[in-house]
Structure formats: structure tokens, C-alpha cells
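Visitor: I am new to this structure, and I would like to look closely at one part of it rather than at everything at once. Please choose that part and go through it slowly, telling me how its pieces are joined and what lies around them.

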Amino acid sequence: MPFLIGPVLTAGTLAGRPQPTLRADGGLVLRPWRAGDAPDVYEVFQDPVMHQWHARAADSVAEVAGWIRAWHQAWEGEREAHWAVAGADSGALLGRVALRELRLDDGTAEVAYWTAPAARGRGVAVRATVALTHWAFDEAGFHRLELLHAVRNEASCRVATRTGFALEGTKRSAVLQPDGWHDLHLHARVRGD
């Protein structure tokens with residue numbers, strides 16, 4: 001049975017070219033992950049705040065190196081797109097920003113981010129999310145981006161609001177964390193917002 005509409009983004013939209021490096025305000029760069037980032041990511045995942053809001057822990061640098069390889073494979077398979085957020089001058093790892101749950105046919109993805117403990121409270125997640133959103137809409141051609149966070153994660157809610165992601169509702173008991181089930185806020189932006 002034929003479809004009445006074509007895909008918003010065609011296969012090869014991402015994987016047909018190298019993952020770009022993106023500039024963000026305030027001296028940030030969003031760059032593809034490097035194997036040498038594994039020790040820094042491992043250190044970030046030792047932070048108790050990461051354990052509070054993420055279901056994943058890192059037991060070794062070798063495990064994180066596997067994550068980085070998987071992030072590269074996700075770009076090539078057009079499933080996800082992950083960037084390291086670093087200082088443009090220093091090169092220091094400040095965080096991560098990503099598009100997850102890519103649905104090219106629908107032109108949709110989910111924005112995700114985290115920041116290293118030393119980078120929190122400095123607007124890193126906001127600036128990185130703005131740069132990623134601009135690229136996703138204006139260069140890649142996505143139509144809708146969603147952003148989900150635990151309702152109790154007030155810092156993440158502030159990032160969503162400051163980057164223009166409107167609160168659309170609450171997904172009840174939507175994600176299992178180590179301390180139990182969490183409700184999630186669903187924020188979204190549509191191209192042209």
C-alpha cells in the first residue's frame with residue numbers, strides 16, 4: 001500500500017556526510033566524540049548528580065570507550081547523533097548534547113544533554129542546546145524536536161524553557177530510575193517556533 005506523503009528526511013541525510021562540528025555562543029564547540037574523551041566521560045559519570053537523573057553508570061574507562069564507539073555507529077546508522085560540548089579554546093569537556101530517537105520519515109528527534117560538574121550553572125547546556133536546535137532545524141531539516149526530563153529535575157526544566165521548548169504536558173510514570181518511577185515533562189519545538 002503506497003504512502004500518501006513522502007519522508008520529511010530521506011535516508012542518508014545524516015550518514016551521507018561526516019558529523020559536523022558546530023559552534024555555540026560563549027566559546028563553545030559541539031564536536032564529534034573522540035576516543036580520548038573516555039576518561040573525562042568516566043569521571044563525569046562518577047558524579048552523584050548523574051546517578052540521580054540517568055539510569056546508566058560507568059564502571060570503567062573501557063566501558064565508556066565502548067559508548068563512544070556506539071555513538072559513532074549511531075550516527076552512521078542514523079539512529080542518534082551525539083556531540084561532545086567543549087571549550088573552543090581550552091578543549092576541556094564541558095558536557096554532551098544529542099539527538100536521540102531519530103525518526104527521519106517523520107522529521108522528529110529527542111534532544112538530550114548533560115553537563116560536567118564544573119560546567120554546571122554557566123549556561124553550557126542552554127548554549128549547546130540552542131546550537132544543536134539551530135542545526136537540526138535549519139541545516140538538517142528536522143520538523144519537530146522533543147525534550148524530556150524528570151519533573152523533579154528543575155535545572156533541566158530551566159534549560160528547556162530558556163531554549164524555547166514549550167511545555168506540552170506530563171508523561172506519568174514514564175521512566176524507571178534507581179529510586180523508582182519518574183514522571184517526565186514533555187517539552188517541544190517545531191520548526192518556525
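Guide: Two strands are said to pair if DSSP finds at least two bridges between them. By that rule strand 6 pairs with strand 8 (residues 180-190), since seven bridges join the two, and they run antiparallel. One such place can be found by eye, where E146 stands opposite A188 in strand 8. The model is a predicted one, and the part to follow in it is the sheet to which these strands belong.

That sheet is open and is formed by eight strands in the order 1-2-3-4-5-6-8-7, with mixed pairing. At its edges are strand 1 (22-24) and strand 7, each of which pairs on one side only. From strand to neighbouring strand there is a turn of 25° on average, if direction is ignored.

It is convenient to begin at the edge formed by strand 1, which is joined to strand 2 by three bridges, the two running antiparallel; among the partners, L22 is matched with L30 of strand 2. Three residues lie between these strands in their hairpin, where G26 takes a positive phi near 70°. Strand 2 (28-31) is covered on both faces, for L28 and L30 on one side are buried, as are V29 and R31 on the other. On its way across the sheet, strand 2 also pairs with strand 3 in the antiparallel sense, over four bridges, and here V29 has A86 of strand 3 as its bridge partner.

Strand 3 (residues 81-87) then pairs with strand 4, again in the antiparallel sense, over six bridges, and H82 finds its bridge partner in A98 of strand 4. These two strands form a hairpin with five residues between them, and G91, in the turn, has a positive phi of about 75°. Strand 4 itself (residues 93-103) has eight of its eleven residues buried, so the strand is largely enclosed by the rest of the structure. With strand 5 (residues 108-115) it pairs over seven bridges in the antiparallel sense, and R96 has W114 of strand 5 as its bridge partner. The hairpin of strand 4 and strand 5 has four residues between the strands, and in this hairpin G107 takes a positive phi near 70°.

Once the strands have been traced, a helix comes into view: helix 4 (124-140) lies across strands 1, 2, 3, 4, 5, 6 and 8, and it runs at about 35° to strand 4.

The sheet also takes part in the largest pocket, whose volume is about 1,200 Å³. Strands 4, 5, 6 and 7 each supply at least two residues of its lining, as do helices 2, 3, 4 and 5. The lining has 45 residues, and those nearest the centre of the pocket are W53, H54, Y113, W114 and N153; W114 was met above as the partner of R96. Sorted by class, 24 of the lining residues are nonpolar, nine polar and twelve charged.

The second largest pocket holds about 160 Å³ of space, and its lining is made up of F3, I5, G6, P7 and V8 together with D105 and D106. Four of these lining residues are nonpolar, one is polar and two are charged.

Terms used
Residues are numbered from 1 along each chain as its sequence is written. This is a predicted model: local features need pLDDT of at least 70, side-chain atom pairs count only at pLDDT 80 or more; totals for chains, interfaces and linings use all residues. Side-chain values use heavy atoms; hydrogens and water are left out. Buried means under 20% relative accessible area, exposed over 50%, partly exposed in between (1.4 Å probe, protein chains only). On a 1 Å grid over the protein atoms alone, a cavity is a set of points where a 1.4 Å probe fits but cannot get out, and a pocket is an open set with protein on both sides within 12 Å along at least five of seven lines; lining residues have an atom within 4 Å of a point. Grid points are joined across faces, edges and corners, and a volume is the space filled by probe spheres set on the points. Ala, Val, Leu, Ile, Met, Phe, Trp, Tyr, Cys and Pro count as nonpolar, Asp, Glu, Lys and Arg as charged, and the others, Gly among them, as polar. Axes are lines fitted to C-alpha atoms, for helices over the stretch in contact, and angles run from 0 to 180 degrees between N-to-C directions. Contact means heavy atoms within 4.5 Å.
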